[in-house]
Amino acid sequence: MYCPQCGQRIGEGRDTCPICGAVIGEPVAGTGVCSSCGALRAPEDTYCRQCGNLLPFDLSALEQLELAPGESLGEVPIPEWLRAEEPGTPGSELQLLSDLDLPEWLREPTESAAEAPPLPTTAAFVVPPVVLAWSQPIASETTDPSLFEPLPPLLLPVASALGRVAAAAAEPAGDRRLVRIALFLALAVLIGVVLYILWQSR
Amino acid sequence: MHSAVAISCNQGMTRIVLADRVEGEPRLLGTVAVPGRDVETGLAFAEERFGRRLLAEERPIRPRGLLGDGADAWIAVGSPASVPLLAVLAIAPDPLLTDLAKRAAEAAMVETHWIDATQVASLTALVQQLVELRPRFLLLTGGSDERAWQSAMVAVSNALGDAFDLEVGIVIAPEAIQQLVAKTIGDQVELMGVDPTTSQPAEVVRAVTSEFRSRVATLLSAELKALELDRFVDRATALERALAFLVRRADQRVALVDLEQGMLGIWARSEGMLTLYRAGRDLEQGALGLAALGPETIARWLPFPMTEEDILDWLANRVMTASPFLFEWRDQLIATAAVRALVQDLASAGPPSGMREDLTLVVLGPRLAWLPAELALLCALDGFAPLPAGGLVSVALDEADLLATCGALAEIDPGYAAILLERDALFPLAHVIVVAGDAMEGAIAVRGEVRAGDLVHRFAVPWGSLHVLPFPSGRSAELLVEPEAGIRIGSLEPGVAIEFAGEAALGWTRLGIVIDARGRPLRLPDDPPVRARRIRSWLADLGVAEGVMR
Amino acid sequence: MSALGRLPLVAQDVECLVRHRLAAPELRVAVGQLVEPETILAMAADGLPRSARIALAAELGVAPADAARYLVRALGERVEAGEVVAVRRRGLRSQEVTSPIAGRLATLDAETGLLTVVTDPPRRAVPALVAGEVRSVADDAVTIRAIGDLLLGASLLGREGAGPLIVLADRPDRELPAEEFDERCRGAIVLAGMTVSSAALRRLHDVGAAGVIVGGLSTHALEPFWGSATPTRLQRALVDPSADWPFPFGVLMLEGFGRLPVPEPAFDFLAERTGRWVALLSSASLGLDRPACFVSSRSLQGQPLQPIALVPGAVVHLRLPARPGLGRLVSVPFVARQPDSLAFRAVWVERDGNREIVPVDLVDPVAADA
């Protein structure tokens, strides 16, 4: 069978899913069926328990009142939790529930609100609005034509690198001159050394 | 301006796009596409479809009549029947200048052929190469070695003359070299020059690309001369304008792939734009050009086994039939595999890795809008492998070829084009949440819930799969996605959840919201049967029936 | 729209105008002359002349006017590719210039120092390939009015050819081993079946076949001859059938690339005409959008080749490379719109119990009387 919450394949007869921890519970007694294999499904199931197929959201949980032909609403038995006391019945006046009868999350904040536990540290990350061109058209006919100007080309050699190209192009001439001067000096030194040796040897 | 007709003229398809004011606002009335370059049939079908006369005595009706006949503006956008050949001659190659020339040539909507003059055995061999190529355009680039330039220009001069006619030559070199070139071949060919030492690199590329593109547009206008249209714009320029608008208006980081004639890829973000064009690589006349990628690069994306010989036969049949139709699922799956291989190959020559993948919007050209939605989505996700910083990337189809139309119309009436583009240009295909990290195959990677009105749907997505959350029609949806430990969404920190709620709720898309939990980079198993099974599982995740995957 | 017609896959006793383009011809026929398939129409150049320009002065480093002094071969002489045509001695070194192609040293321009080598293409006899009457003779073409039976193909690779038809395959989906192609195939047009392998192609070359008809041809069969350049050369061959083809005979594919059976009506058509003289003609020669196999008859009376109206109930051949085959029309042509904006003329066809939309351009009525 498949876990109805995460869709993973799990062994038969399990109470909880070993992968996502969902409580599998009792066999299904819903009104919907899987479109793929026809197995019964519960309204809150995300995946079919029999074939693992992804199930659409089932509204049948809200459709408790199904009328048979010829029936009228007055004859349909209303579930206990939907019954309201008839007017005039003792104790049927509307009474406000006290806070103590309300669950925690419905109660009015009290003076102890300041002591409420802090928010969990892993807060959800809210993304700023995504302005998609097709969802929020706001252009007008006075649109600046420069909006259509092509953007500059990406990823080009930096201009300074090109400057180095120009400098490098000029460099060879300068380099050659320096080399010539160095050669001349070296030659002059060599000649001087030779002359000195000759003079010394005399 | 009330109405406009755009004729989108490409190799395998001709489209007639009609826009008119509806309740005072420019809207797309419709697009008619006919196979082949057949403007006459396209206009005839458009008249029949829209119930309006567009031509009178084979001439456009202009201006728009009271009953809607004709249009105020008539434009053509596209490419000439035969893509012109550009020969790039690198003389005394300089890496920086070669890169500039490369960028310019690749964005120019021409077929490029590279010649490195230093690698050619002799002057005569260089002359022979040029004569055999018979290029229409010439791009010369190189350093300042005058001797090398002199001998190369002798070769070019010898090749010119009655051997072939060159329309224009552009020189990317310092001024002195430009003078030398002008002296040698200035009498034989029209020359233009750009000095990279005194111009910004962007200016150099822009100047060279614009010149070639304007000549391509001129070739197109010569073919359609009889129609006396208002404007002729090459396809790349038109698309670049439209994407520039999207980037500026909606702060998008966009990638586009277009297969109308050859393959065009454009990456655009606020910092700039990169355009790459590959002639002779598409799904019709250029199908055999895909063989250069290697049939195995196509075979690896197929959900069924197919030999390399069969793939070559398929490509050869596409060229032989020159028919744009892909009716069979098998053909569509092969085409999808080919497109993924093509886009990957193009993207590898594109921006560097981080910039290449950080996309918020992927746009598929009109040719790809004909594939089934699921396959078109895979072309975008597998080809570009986006990994958006914010975790969300949207995929859109330019079904009606409106991006090129609006980009061209912007030359006449930018306001009209802007409204048309914003309202009708892009058809939303899917919103994709991209999940990265590492986990065991099949283990839950992310959980979440999607809320549309009162409906709440919870989901959990295993690692290595795709998960589709269909949209209730006509609604927007709020989405919360929580990754497991060690898993991250986009470039966010591992474990950080993401929520689209309130103003950030996601708008309707055709396929809905897709959670791509296959990780990045996308890895395909080496073993072919296992790989095919993996591809089939992804197709099944998207809702493609098992029976068609054979 | 219901008047839309398509040329039939097979047609009998039709009149065709076959136009042979000739380069620099020496004509041997005149207008009104009756010709047989083997009648020589002209001696003409086989292909375009090639030329190479040698930058002689630049290569030798001399003034253009002086370049002639360094030639070692005279103008007008024939040279081979790589042969030295000029030498300049500089001290102990000598600089040589070679010809890049084989040809004749045509001209040396004293102003530019350019030496031109020209390769004249060989001249060959151009046969009529069909029997009929010469309708017109021009400087670059001869047109013959021929009566015969026509079978449309998908693509012709290589040059046109003609010869007696020999049907070696016994079924449309038969692939014959190479040994089957023996001396019987010499000078003949061979119906080889579904496809031929590279070995079979080599064998057909060896025995001197005049042409081959197959259902399909795999690119794999061409790889031993073209190597890794197969896709590029195939692209070129599809554009210009006679260019860059490694065999002296052409291959007419009736369906496309791959292992595709011969369409049944085509197989029956050819089987009935064994021994008759047939020609494999290109689309340009016929003035059609597809090549064809033409079976000459000796009749002088024929009907013009006309498109047949596509009417429901007609049997049609579907030229869908993915799934070629036969079907039956169940609609008249209409303008289909699919997916949203694409408009094309299409028909509904029933095949194997299923109905499908097929573009009209990919539908061939089987026969005029079908």
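Into which domains is chain C divided? In this predicted model, chain C splits up into domain 1 (5–15 + 146–296), domain 2 (50–119) and domain 3 (310–365). Domain 1 of chain C is thus written as two stretches of sequence, 5–15 and 146–296. Taken over C-alpha atoms, the centres of domain 2 of chain C and domain 3 of chain C sit 62 Å apart. As for confidence, chain C has a mean pLDDT of 89, with 97% of its residues at 70 or more.

Next comes the contact with chain B. Here 39 residues of chain B meet 34 residues of chain C. On the chain B side, at least two residues each come from strand 3 (25–35), helix 1 (39–50), helix 3, helix 4, helix 9 (308–321) and helix 10 (329–348). Helix 9 of chain B chips in the most, with eight residues. Sorted by class, the side of chain B that touches chain C holds 22 nonpolar, 10 polar and seven charged residues.

Two of those contributors, helix 3 and helix 4 of chain B, also pack against each other. Helix 3 covers residues 123–133 of chain B and helix 4 covers residues 146–159 of chain B; their axes lie 8 Å apart and make an angle of about 45°. Angles from 65 to 115 degrees would count as roughly perpendicular and those under 35 degrees as roughly parallel, so this pair of chain B helices is oblique. The crossing of helix 3 and helix 4 of chain B is right-handed. From helix 3 of chain B, the contact draws on L123(B), L126(B), V127(B), L130(B) and V131(B), while helix 4 of chain B brings S151(B), V154(B), A155(B), V156(B), N158(B) and A159(B). Nine of the residues in this contact between helix 3 and helix 4 of chain B are nonpolar and two are polar, with no charged ones.

Chain A needs its own look at confidence. Its mean pLDDT is 62, and 42% of the residues of chain A reach 70 or more. Within chain A, strand 2 (residues 40–41) has the highest confidence, at a mean of 82, and strand 3 (residues 125–126) the lowest, at 44. Over residues 61–100 of chain A, pLDDT stays under 50, and the model has 13 contacts beyond four places in sequence for that stretch. Residues 162–171 of chain A also stay under 50, with 12 such contacts. For the model as a whole, the scores are ipTM 0.90 and pTM 0.80.

Notes:
Residues are numbered from 1 along each chain as its sequence is written. Chains are lettered from A and ligands numbered from 1 in the order in which they are written. This is a predicted model: local features need pLDDT of at least 70, side-chain atom pairs count only at pLDDT 80 or more; totals for chains, interfaces and linings use all residues. Axes are lines fitted to C-alpha atoms, for helices over the stretch in contact, and angles run from 0 to 180 degrees between N-to-C directions. Helices (H or I, at least four residues) and strands (E, at least two) are DSSP runs, numbered from the N terminus. Angles under 35 degrees count as roughly parallel, over 145 as roughly antiparallel, 65 to 115 as roughly perpendicular and the rest as oblique. A crossing is left-handed if the near helix is turned anticlockwise from the far one by less than a right angle, and right-handed if clockwise. Two residues are in contact if their C-beta atoms, placed from the backbone, lie within 7 Å. Ala, Val, Leu, Ile, Met, Phe, Trp, Tyr, Cys and Pro count as nonpolar, Asp, Glu, Lys and Arg as charged, and the others, Gly among them, as polar. Domain bounds come from an automatic or database domain assignment. pLDDT is the predictor's confidence in each residue, from 0 to 100.
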